[in-house]
Amino acid sequence: MNELVVALGWAGLFSPMALGAIGSVIGCSVAGQAAIGAMVDTDSGYGRYIGVSVMPSSQVIYGIVIMFSLQRDVTPVTAPALFGIGLLSGLALLFSAMRQGQACASAIHASKTKPEIFGLSLAPAAIVEGFAVFAFVFALVLAGGIPG
């Protein structure tokens with residue numbers, strides 16, 4: 001039984017980085033496809049479209065930092081906390097990156113059609129980023145309370 005608990009602890013240790021990376025890949029891909037479509041339809045603003053399309057990549061950075069903050073000996077005592085914090089923060093990063101990519105794609109499409117609303121169109125993507133930051137901060141705070 002202890003081996004299973006320790007294995008889950010190891011899975012939780014690396015979950016924030018892995019799930020954040022998966023979400024970032026999906027989010028950047030969705031937004032990147034929208035950026036390419038916008039570049040085909042317009043004659044300017046290419047840098048803005050590319051810049052917006054990489055916004056979901058921040059979740060993998062948060063995941064890496066969480067992973068390093070969780071690093072400690074994985075024992076039957078610490079493993080449940082590592083699993084819970086790692087898995088739940090990783091899921092939060094995964095979904096926030098995916099949804100942020102969709103928000104960025106919408107912002108790219110809107111600013112392609114109406115360039116004067118570029119800054120305002122980024123607000124939904126920024127709000128989604130805020131939720132990722134909340135998960136990041138809570139994971140760091142909770143990681144500080146794990147013994148070891």
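In this predicted model, Leu70 has many partners beyond its sequence neighbours within four places. It is in contact with Gly12, Leu13 and Pro16. Further contacts of Leu70 are Leu82, Ile85, Gly86, Ala143 and Ile146. Leu70 is also one of the residues with the most contacts inside the largest nonpolar core, together with Ile66 and Val74. That core has 15 residues. Helix 1, helix 3, helix 4 and helix 6 each give two or more residues to this core. Apart from it lies another core, of 12 residues. Ala35, Tyr49, Cys104 and Leu122 are among the members of this other core.

Helix 3 covers residues 58-70. Its 13 residues should span 18 Å at 1.5 Å a residue, and the end C-alpha atoms are 19 Å apart, so the expected and modelled values agree. Residues buried in helix 3 are Ser58, Gln59, Tyr62, Gly63, Ile66, Met67 and Leu70. In an α-helix, residues three or four places apart point the same way, because there are 3.6 residues a turn. The buried residues of helix 3 pack against helix 1 (2-41), helix 4 (79-113) and helix 6.

Gln59 lies in helix 3. Gln59 counts as buried because its relative accessibility is 0%, and the cut-off is under 20%. The side chain of Gln59 makes a polar contact of 3.2 Å with the side chain of Ser96. Ser96 is also listed among the contacts of Gln59 that leave aside its neighbours within four places in sequence. The others in that list are Gly20, Ser24, Leu93, Ala97, Gln100, Glu129 and Ala132.

Helix 6 runs over residues 123-143 and contains Phe134. Phe134 is partly exposed, because its relative accessible area is 48%, between the limits of 20% and 50%. Phe134 and Glu3 are 131 residues apart along the chain. Their C-alpha atoms are separated by 32 Å.

An unreviewed UniProt entry places the feature "transmembrane region" at residues 48-70, 77-97 and 117-143. In the model, the span 48-70 is 83% helix and 0% strand. Its end C-alpha atoms lie 36 Å apart. The span 77-97 is 90% helix and 0% strand. The end C-alpha atoms of residues 77-97 lie 31 Å apart.

Technical notes: Residues are numbered from 1 along each chain as its sequence is written. This is a predicted model: local features need pLDDT of at least 70, side-chain atom pairs count only at pLDDT 80 or more; totals for chains, interfaces and linings use all residues. Side-chain values use heavy atoms; hydrogens and water are left out. Helices (H or I, at least four residues) and strands (E, at least two) are DSSP runs, numbered from the N terminus. Buried means under 20% relative accessible area, exposed over 50%, partly exposed in between (1.4 Å probe, protein chains only). UniProt positions are given in the numbering used here, feature names are shortened, and annotations may be inferred rather than shown by experiment. The expected span of a helix is 1.5 Å times one less than its number of residues. Contact means heavy atoms within 4.5 Å. A nonpolar core is a set of buried Ala, Val, Leu, Ile, Met, Phe, Trp, Tyr and Cys residues joined through side-chain atoms within 4.5 Å. A polar contact is a pair of N or O atoms within 3.5 Å; within protein, one must be able to donate a hydrogen and the other to accept it, and residues adjacent in sequence count only if both atoms are side-chain atoms.
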